[in-house]
Amino acid sequence: MTGKVINLDLCYLYPKLLNIYGDRGNVLTLSYRCSQRNIGLNITTIGIGESVDYEKFDLYFIGGGQDEQQLLVANDLQEKKETLIKAIEKNAIFLAICGGYQLLGKYYKTPDGSELKGIDALDLYTVAGNKRMIGNVLCREIESEETLVGFENHSGKTFLGKSLKPLAKVIRGGGNNGEDGFEGVRYKNVFGTYLHGSLLPKNPFLTDKLIKLALERKGISAPFINIDSSIEDIAHKKAVNLSY
Amino acid sequence: MQNILFILSILAVKTVAFFISFLKLGQASNLPGKIALKIKKDILKQLKFNEDLKIIVITGTNGKSTTSGMLTSIFRATGKTVITNSAGANLLTGIITTLCRNSSLLGKINADFLVLEVDEATLKYITEALKVDLILVTNLFRDQLDRFGELDTTAKLIEEGIKKSKNAQIVLNADDPRVAFLKTETTQKKIYYGLSSISNDENSLSLSEWMKDPEEEDYKCSHREIQKPELNFLISDIKTDHLSTYFNLIEVSNNLQKSNFFLPMVGIFNLYNAASAIAIAKTISSPTQMQIQKAFQAYSTLFGRGEKIAVKNKTAWIYLIKNPIGTTEVLKTLSKAPNARFLIAINDNFADGRDVSWLWDARFELLSNSKKEIFVSGKRAFDMALRLKYANVKQDLIKVNENIKTALYNALNTLEDGETLYVLPTYTVLLEMQRKKLCKSVK
């Protein structure tokens with residue numbers, strides 16, 4: 001590094017409404033691992049009724065919430081739909097967990113048959129299942145073949161359209177729908193997943209991948225500094241051996 | 001035949017409980033009930049209570065044990081007899097065990113009060129089988145989300161339970177919007193307790209803040225402009241230090257009578273527990289201010305919520321942690337205590353909540369200025385270590401040992417003169433500490 005200040009901008013969507021499964025741990029982890037590399041991560045929180053400047057942000061994060069909050073968010077997202085799709089198509093880095101992941105798709109069909117509209121940025125849909133998938137998940141990211149660990153807790157079953165690739169192959173757990181053996185979605189720089197735990201702290205390689213992608217997209221080619229991940233690695237290994 | 005099975009099931013509880021205690025195999029709080037349930041499915045409905053016995057049920061995510069303990073202590077201070085599931089056994093099997101151990105062989109139970117802390121999902125089975133006189137809902141926090149899915153589900157479970165006790169009085173925490181607006185039946189009288197909004201106490205703002213999720217939209221937003229209900233019991237004039245809490249409780253229906261109380265405990269959660277115990281006691285009986293005050297002093301916290309313990313020749317304090325809000329509250333209080341040292345022990349068994357995500361919502365950042373080692377232990381010790389690291393605690397100050405016994409002794413051995421060790425375990429770590437006799441209570 002030549003002392004030049006590097007800054008990344010993260011847009012944290014609906015932190016007050018979508019916050020039930022330790023999702024802020026993901027933002028905390030991105031921030032920590034950036035700062036260890038002298039990268040400043042500016043975090044802007046965006047809530048209901050606030051507009052998103054898609055040219056400003058390198059990374060986006062959206063978490064999961066409960067039904068009532070999810071409904072409020074789903075309605076508001078329709079206002080942000082165009083900008084978020086533009087951001088995604090321009091290769092912005094996007095991490096969407098659980099409810100946030102579902103809302104990137106076409107719709108979520110509730111148990112009473114009504115449809116909660118998503119923003120249709122990704123060709124996927126979700127239907128309410130009658131069995132909740134709850135437990136410690138182990139899967140393998142398809143691109144890197146690295147293991148991913150996390151905790152899932154969802155009754156929605158998500159199905160990807162033919163044009164989309166899943167994020168990972170399930171080794172233990174339910175994954176997207178408990179049927180096809182896959183977990184999450186990967187489209188351009190969008191990472192959608194049901195895993196929390198929080199997800200990023202125990203999967204440092206994924207955190208670093210998101211940061212690297214954001215730097216690359218910005219045209220910054222400084223060498224990527226390896227940082228101490230000893231506790232992260234042990235916690236990851238321990239989670240690999242948990243039971244569902 | 002049915003009667004024989006009934007007697008047999010009661011006998012089974014008594015015998016199994018006796019042997020478990022005799023052989024020191026554990027607390028005998030669930031297994032006997034499990035066996036009884038196998039022998040006689042509707043055992044609860046068959047039990048016979050004396051006619052003037054009043055049944056009080058306490059549910060909610062936090063404070064069930066503490067409130068039950070305080071209430072029991074108040075009733076006993078007025079000379080009444082109370083049966084309660086004080087072992088923290090709040091599932092169906094635990095409650096059956098408690099009742100059968102306190103019944104005659106023919107299933108007769110004799111007491112003035114039955115005080116039961118009941119798990120949210122178990123509530124409907126209890127209200128269906130027993131004629132409950134009063135139900136308290138303490139609060140609905142993000143606790144064990146992986147058990148019921150989410151809070152809205154927990155609220156529905158409680159509503160189902162409330163529905164089955166048509167004539168019960170329902171005591172509700174007015175400061176928790178999720179509790180205040182639970183659906184009740186028109187036949188049920190509702191009684192609200194909460195902080196006085198007219199109080200100009202400096203603390204009161206932060207207190208009502210505590211009742212909400214810090215990250216959640218406020219009362220108005222998430223519950224669409226609904227007004228806080230009118231209070232029957234108002235908490236006011238709160239003063240706290242790091243050892244005790246002083247407050248007034250105003251009884252609206254009794255000419256706004258104001259009584260002053262001193263609680264030898266810390267934490268806003270304990271204040272709410274105390275207020276709800278007083279509200280119930282005053283609703284269903286007529287204890288004096290003196291009797292209540294005596295009860296608080298006599299009460300030693302059940303299950304380690306702020307309990308002083310002796311280990312070897314040293315003393316430490318235990319604070320049970322189990323969800324982000326309660327943990328943050330404990331950290332806020334203890335991080336201000338002088339010369340504090342910490343041991344945090346996290347398990348992920350069913351009773352702890354199998355998902356440790358909540359660690360990331362608790363404000364462990366309150367410990368980031370620590371210059372002394374912080375010890376971490378339990379099955380998920382490395383998750384906890386990681387949480388501290390990302391809370392900016394220096395990595396070389398984080399000492400990990402998954403074995404609670406070793407971790408506890410290591411922590412005690414490094415204590416310097418004048419330092420106090422605070423142990424923050426999740427539920428099953430605490431059970432393990434008790435089972436292995438690592439600590440004993442100091443009164």
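Here is a short chat about the contact between chain A and chain B, and about one strand of chain B.

Guide: This is a predicted model, where local features need pLDDT of at least 70, side-chain atom pairs count only at pLDDT 80 or more, and totals for chains, interfaces and linings use all residues. Residues are numbered from 1 along each chain as its sequence is written, chains are lettered from A and ligands numbered from 1 in the order written, and side-chain values use heavy atoms, with hydrogens and water left out.

Visitor: Why are B:Glu402 and A:Lys238 called a salt bridge?

Guide: The term asks for a side-chain nitrogen of Lys or Arg within 4 Å of a carboxyl oxygen of Asp or Glu. Here the N to O distance is 3.0 Å, so the pair fits the rule. Across this interface, 3 salt bridges turn up.

Visitor: What makes a residue part of the contact, and how many does each chain bring?

Guide: Contact means heavy atoms within 4.5 Å. Chain A brings 41 residues and chain B 34.

Visitor: How do you know that strand 17 of chain B is largely enclosed?

Guide: Buried means under 20% relative accessible area, exposed over 50%, partly exposed in between (1.4 Å probe, protein chains only). In strand 17 (a DSSP run of E, at least two residues, numbered from the N terminus), 5 of the 6 residues, 420-425, are buried, so the rest of the structure largely encloses it.

Visitor: What makes strand 14 of chain B a partner of strand 17 of chain B?

Guide: Pairing takes at least two bridges found by DSSP. Strand 14 (residues 340-345) has 6 with strand 17, in the parallel sense, so the two pair. One of the bridges puts B:Ala345 with B:Pro425.

Key. Helix = DSSP H or I, 4+ residues; strand = E, 2+ residues; numbered from the N terminus.
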